[in-house]
Amino acid sequence: MRIKFLSVIVSFLVVSVALSSCLKSEDNYELSSDATIHAFGIDTIHGKYYKFTIDQINRVIYNRDSLPVGSDTIIDRILIDTMTVTGWITSGSPDTLFVRRDSVDLRPAMNNSGGMKFKVYAADGVTNREYTLKINVHLQDPDSLVWTDMQTKGGIFSDMVNEGEQKAVVLEGNLFVYTSATGAYKTSTSPDKYAWNKLHVSGLPSDAKLTSVVEYNGMLYMLTASKKVYISEDGAAWAENATLGNNVIALIGGFSDRLSGILEIDGKKYFNISKDGKNWEVAAAGTASTLEEVPLGFPTENIISTLTQTGNGVEKVLLAGMPLADNKMTTPWFSLDGRGWAALTGASYNAYCPGISHPVIMHYGDMFYCFGGEMDAIYRSVEGLAWYKTKSKILLPREFKGKGAYSVVVEPTRDKTVASADKRDFIWVVFGGNGAKNEVWRGRLNRLGFEIQ
């Protein structure tokens, strides 16, 4: 129920006159001039209370944590359970007394509208302030993974990779796709700068293993079949890094301050690390006894790693690759230092990731995910031990199924405070190789592209 503002003032003056006639003339009472909203809150949305912030300087009330998708069907008739003032409040045009116990339609305050205006009157009946209520509501489900076929954003870099495999890698804000020892394609990963350019690659020998390429400390590293390491600063010009030797079986990226690798010494395989990207921590072949031997079943091809942290802030890298130690299940391996790796074997009989050809593992949006093979399912895990097939929100497009040849790379947003237009956190999936038609897809969890309020 709402009453015209004029009648409110008249009633207030009548009460004031009546009170003053009952008081002795020598008693002086000063009514408050506080016209401030001290607290604001609405009823719960799906059982959750959303806190509102009051900007007293600009007189704006807003919620930092946006309401969930579909909240407009709830706030169209909702109770304001908290709106603390010393006087009274009016709204609308003309001014009408705002009755806080009534259900209110707050949809006019949603998102980028001008907001809802409220005028707060102090107890003195003279002082007043105008406030604007703005309610932020998600227009997208923040926990859904959304995919974009990049053909809708620009031309594909090549219709066909006729021979061998291709491999995608990110370096300094650019996505590189290597299709041969002499050819590659490059595009910016910035959302508004997607455009492929052909890249002439020089310095790589013909036996370069494209699938071995990793990025470390602003450089790209690639192996050859002859176990040598080649490096590049720009992705185009490559040169051998002789100080890393000619006995390197595999390279493992992921750590921020070290490159892990597998070296063959006297017919056995050992883990080693390099912090400068030029020399191994243990260089001499005769010191193999100080290195940890690679356990049986550890992958050495098509390795994909992902970085996370333990509860006390120590870096932790998980990886998966080929060949699989057990075709029944995909077993991730983890390390805290790159010098030694251990298998994460599922503790539950039925909570494991099945055997996936060329598995992709990533820590993304506070969860581990694994997929690959027929590209028809994604498996999730909190710690990398128990795995469960996702049933909603985090899914692969139907178009992925059965495509076969692919490479996947994730580029995290380093600076989480940048504007949404500059955020990355994209999952790039590039199909092609061995004669398969090339396609490029880009996926992102909605909330990783939102502004941080």
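Contact here means heavy atoms within 4.5 Å of each other. With that in hand, Phe 40 makes a good place to enter this predicted model. Leaving aside neighbours within four places in sequence, Phe 40 is in contact with Tyr 49, Phe 52, Ile 54, Ile 61, Ile 80, Thr 82, Met 83 and Leu 133. Phe 40 also belongs to the largest nonpolar core, a set of 29 residues in which Phe 40, Leu 106 and Leu 133 have the most contacts. Two strands, S9 (116-121) and S10, each supply at least two residues of this core, and S9 gives the most, with 3 residues. A separate core of 22 residues lies apart from the largest one and includes Met 362, Met 367, Leu 396 and Val 408. As general background, nonpolar side chains in soluble globular proteins tend to be buried together.

Attention now turns to charged side chains. Over the whole structure, the search finds 12 salt bridges. One of them joins Arg 107 to Asp 105, with an N to O distance of 2.9 Å. Neither partner reaches the 20% limit below which a residue is called buried, nor passes the 50% limit for exposed: Arg 107 has a relative accessibility of 42% and therefore counts as partly exposed, and Asp 105, at 30%, is likewise partly exposed.

Two further salt bridges begin in the loop between S10 and S11. The side chains of Asp 141 and Lys 393 meet at 3.2 Å, N to O. This pair links distant parts of the chain, as Asp 141 sits in the loop between strand S10 (128-134) and strand S11 (145-149), whereas Lys 393 sits in the loop between strand S30 (388-389) and strand S31 (406-411), 252 residues apart. Asp 141 is partly exposed, with a relative accessible area of 25%, and Lys 393 is partly exposed at 40%.

In the second case, Asp 143 and Arg 447 form a salt bridge with an N to O distance of 2.9 Å. Asp 143 lies in the loop between S10 and S11 while Arg 447 belongs to the segment after strand S33 (436-445), so this salt bridge ties together parts that are 304 residues apart in sequence. Asp 143 is partly exposed at 35% relative accessibility, and Arg 447 is partly exposed at 30%. Elsewhere, Glu 281, Asp 337 and Arg 339 are joined into one network by salt bridges that share partners.

The strand pairing offers a last group of results. Strand S16 (residues 208-216) is mostly covered, with 7 of its 9 residues buried. S16 pairs with strand S17 (residues 219-224) in the antiparallel sense over 5 bridges, and Thr 224 in S17 is the bridge partner of Ala 208. The hairpin of S16 and S17 has 2 residues between the strands, and Asn 217 takes a positive phi near 55° there.

Further along the chain, 4 strands make an open sheet in the order S23-S24-S25-S26, with antiparallel pairing. S23 (301-309) and S26 (342-343) are the edge strands of this sheet, each pairing on one side only. S23 is joined to strand S24 (residues 315-322) by 7 bridges, the two running antiparallel, and Leu 307 stands opposite Val 317 in S24.

Terms used: Residues are numbered from 1 along each chain as its sequence is written. This is a predicted model: local features need pLDDT of at least 70, side-chain atom pairs count only at pLDDT 80 or more; totals for chains, interfaces and linings use all residues. Side-chain values use heavy atoms; hydrogens and water are left out. A salt bridge is a side-chain nitrogen of Lys or Arg within 4 Å of a carboxyl oxygen of Asp or Glu. Buried means under 20% relative accessible area, exposed over 50%, partly exposed in between (1.4 Å probe, protein chains only). A nonpolar core is a set of buried Ala, Val, Leu, Ile, Met, Phe, Trp, Tyr and Cys residues joined through side-chain atoms within 4.5 Å. Two strands pair if DSSP finds at least two bridges between them.
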